Amino acid sequence: MARFANVEVPAEKQVQVALTYIFGIGPKSARDIVMAAKVDPAKRVKDLDEVEEKKLRDIIDANYTVEGDLRRVVTNNVKRLRDIGSYRGLRHKLNLPVRGQRTRTNARTKRGRRVAVGGAQPKAASKT
């Protein structure tokens with residue numbers, strides 16, 4: 001297994017696909033990195049030699065914010081929105097969708113499981 005940006009990428013995958021296992025590198029960025037390093041995108045990670053691995057590692061370190069640094073940046077951005085009291089910050093604070101999605105229906109992933117509201121059914125008659 002090769003390590004890029006302190007992440008072990010799967011050895012059996014193609015280089016272009018394996019790079020997407022790094023937080024902050026998607027398919028487009030992976031394609032750009034492989035092209036810049038002049039490595040065959042279909043080559044497996046286990047078949048890379050040391051020179052190719054070093055090229056990939058250097059390009060990622062020099063040009064991309066990934067993993068811990070990127071997570072820290074995103075967290076700080078959300079914290080800033082919460083601190084200044086913006087609408088987006090409020091939505092983050094209340095754990096609701098931030099980007100204008102509807103919440104009357106859907107939004108289950110963000111809002112969590114449904115909670116049954118008591119008193120919705122008529123009471124059953126009881127003996128007195």
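1. From the N terminus on, the chain runs β-β-α-α-α-α-α-α. That comes to six helices and two strands. Please keep in mind that this is a predicted model.

2. Overall form comes next. The radius of gyration is 24 Å, well over the 14 Å that the globule rule gives for 128 residues, so the chain is more spread out than a compact globule. Along its principal axes, the C-alpha trace spans about 85 × 40 × 20 Å.

3. On burial, 27% of the 128 residues of the chain count as buried. On sequence range, take the contacts between residues at least 6 apart in sequence: 47% of them join residues at least 24 apart.

4. One helix pair deserves a look: H2 (residues 27-37) and H3 (residues 50-63). Their axes come within 9 Å and cross at roughly 125 degrees. The crossing angle makes H2 oblique to H3, because it lies outside the ranges that count as roughly parallel, antiparallel or perpendicular. The crossing of H2 past H3 is right-handed.

5. Which residues of H2 and H3 make the contact? H2 supplies Ile33, Val34, Ala36 and Ala37. H3 supplies Lys55, Leu56, Ile59 and Ile60. By class, seven residues in the contact of H2 with H3 are nonpolar, none is polar and one is charged. The charged residue is Lys55 of H3, because Lys counts as charged whereas Ala, Val, Leu and Ile count as nonpolar.

Definitions and conventions: Residues are numbered from 1 along each chain as its sequence is written. This is a predicted model: local features need pLDDT of at least 70, side-chain atom pairs count only at pLDDT 80 or more; totals for chains, interfaces and linings use all residues. Side-chain values use heavy atoms; hydrogens and water are left out. Axes are lines fitted to C-alpha atoms, for helices over the stretch in contact, and angles run from 0 to 180 degrees between N-to-C directions. Helices (H or I, at least four residues) and strands (E, at least two) are DSSP runs, numbered from the N terminus. Angles under 35 degrees count as roughly parallel, over 145 as roughly antiparallel, 65 to 115 as roughly perpendicular and the rest as oblique. A crossing is left-handed if the near helix is turned anticlockwise from the far one by less than a right angle, and right-handed if clockwise. Contact means heavy atoms within 4.5 Å. The radius of gyration is taken over C-alpha atoms; the globule rule is 2.2 Å times the number of residues to the power 0.38. Buried means under 20% relative accessible area, exposed over 50%, partly exposed in between (1.4 Å probe, protein chains only).
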